[in-house]
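User: I'd like to learn how to read a fold like this one, feature by feature. Could you walk me through it?

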Amino acid sequence: MHSPMDHRQLEQAMSRPGAATEIFETAASVLEEIASGRRGLRAVRHPLGFTCFPVERVGDRGVCVHAFGGEADEEAAQPTTSPVHSHSWELTSCVLYGAVGNLRVQVVERPTEPTHRVFEVLSHPSGVDEIQPTSRLVSCGPGTEQTSLRGTVYTLPAGEFHTTVVPEGGVAATLVLGRSLPGRFDLSLGPLHGTGHQVVRQACNAEATARTARTVLRRIHDPRP
């Protein structure tokens, strides 16, 4: 049996100053369960280039650990549209180690002389993403950039276009809380003449899942390179 993760308790902890120790202990506990096999999930190579541990999903709320760079880059999936995307869910995230940058992107409806088309991403429980072009033609430009370091909590509202990056050659991990909002869609910016297609998310096997969990756990305890 594995210990449950309470989304609301974690959300409350992330809203309190100085609660990083509690958050880190929770993340370490779940990663120990994954590394030992007591929690039988499989990590997934996300199309946006990181490794996701889908820890828990109850109703409209979910908890994940995301690992960027290093071993998580092995056979990393690559986006088929662009790294610029927006979520159908609100995100609250605590950086467990490393530095995570979020670049907000200003998207403007531009039916004449657009630079991108908006694509809708429909994710199925089977691990298949249906990526469909919409009629929305837009242009985009850089907005504000926020870099968050170890122990920092940041939020991203649903519907805000952004791209998430870590420094080249760097490693990072986050504990992520998500809350889906009704009537919202996951969106991505892609080429003007891009066509609909499917992306199959790559599930890691048990050995790779445990190995990556051990690496993330070690870096939480000792974040030095």
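**Reading the fold, feature by feature**

Analyst: Let's start with one residue: Arg179 has a relative accessible area of 25%, so it counts as partly exposed. Keep in mind that this is a predicted model. We'll come back to Arg179 when we get to its charged partner.

User: Fine. Where do I look for the core, and which residues have the most contacts inside the largest one?

Analyst: The general idea is that in soluble globular proteins, nonpolar side chains tend to be buried together. Here the largest nonpolar core has 31 residues, and those with the most contacts inside it are Leu31, Ile34, Phe53, Leu96, Leu175, Val216 and Ile220. At least two residues each come from α1 (7–14), α2 (20–36), β2 (51–58), β3 (61–68), β5 (89–97), β11 (172–180) and α3 (206–221). The largest share is from α2, with eight residues.

User: What does Leu96 touch, beyond its sequence neighbours?

Analyst: Skip anything within four places in sequence, and Leu96 is in contact with Phe24, Ala27, Val65, Arg150, Ala173, Thr174, Leu175 and Ile220. There's also a second, separate core of eleven residues, with Phe68, Leu91, Leu156 and Ala172 among them.

User: Now the sheet. In what order do the seven strands run?

Analyst: Strands of a sheet pair through backbone hydrogen bonds, either parallel or antiparallel. In this model the seven strands make an open sheet, ordered β9-β5-β11-β3-β2-β1-β14, with antiparallel pairing. At the edges are β9 (153–156) and β14 (202–203); each has a single partner strand, so one side of each lacks a neighbour in the sheet. For a pairing inside that order, take β1 (residues 44–45), which meets β2 in the antiparallel sense over two bridges. Val44 has Cys52 as its bridge partner in β2. As for packing, α2 sits on the sheet and touches β2, β5 and β11, with its direction at about 85° to that of β5.

User: And β12: which strands pair with it?

Analyst: Two to look at are β4 (residues 85–86), antiparallel to β12 over two bridges, and β7 (residues 116–123), antiparallel to β12 over five bridges. Leu187 of β12 is a handy marker: Ser86 stands opposite Leu187, and Glu120 stands opposite Leu187 too. Four of the five residues of β12 (residues 186–190) are buried, so the strand is largely enclosed by the rest of the structure.

User: Last topic, charges. How many salt bridges are there?

Analyst: Side chains of opposite charge can pair when their charged atoms come close. With a cut-off of 4 Å between side-chain nitrogen and carboxyl oxygen, the count is nine salt bridges. One of them joins Glu56 and Arg39, with the closest N and O atoms 3.9 Å apart. Glu56 is in β2 and Arg39 in the loop between α2 and β1, so the pair ties together parts 17 residues apart in sequence. Both Glu56 and Arg39 are buried.

User: And which residue does Arg179 meet?

Analyst: Glu90, in a salt bridge of 2.8 Å, N to O. Glu90 lies in β5 and Arg179 in β11, so this pair links parts 89 residues apart in sequence. Glu90 has 31% relative accessibility, so it counts as partly exposed. Another pair is Glu109 with Arg136, whose closest N and O atoms are 2.6 Å apart. Glu109 is in β6 (residues 99–109) and Arg136 in β8 (residues 128–149), so the pair ties together parts 27 residues apart in sequence. Finally, salt bridges with shared partners join Glu11, Asp60 and Arg61 into one network.

Conventions. Residues are numbered from 1 along each chain as its sequence is written. This is a predicted model: local features need pLDDT of at least 70, side-chain atom pairs count only at pLDDT 80 or more; totals for chains, interfaces and linings use all residues. Side-chain values use heavy atoms; hydrogens and water are left out. A nonpolar core is a set of buried Ala, Val, Leu, Ile, Met, Phe, Trp, Tyr and Cys residues joined through side-chain atoms within 4.5 Å. Buried means under 20% relative accessible area, exposed over 50%, partly exposed in between (1.4 Å probe, protein chains only). Contact means heavy atoms within 4.5 Å. Two strands pair if DSSP finds at least two bridges between them. Axes are lines fitted to C-alpha atoms, for helices over the stretch in contact, and angles run from 0 to 180 degrees between N-to-C directions.
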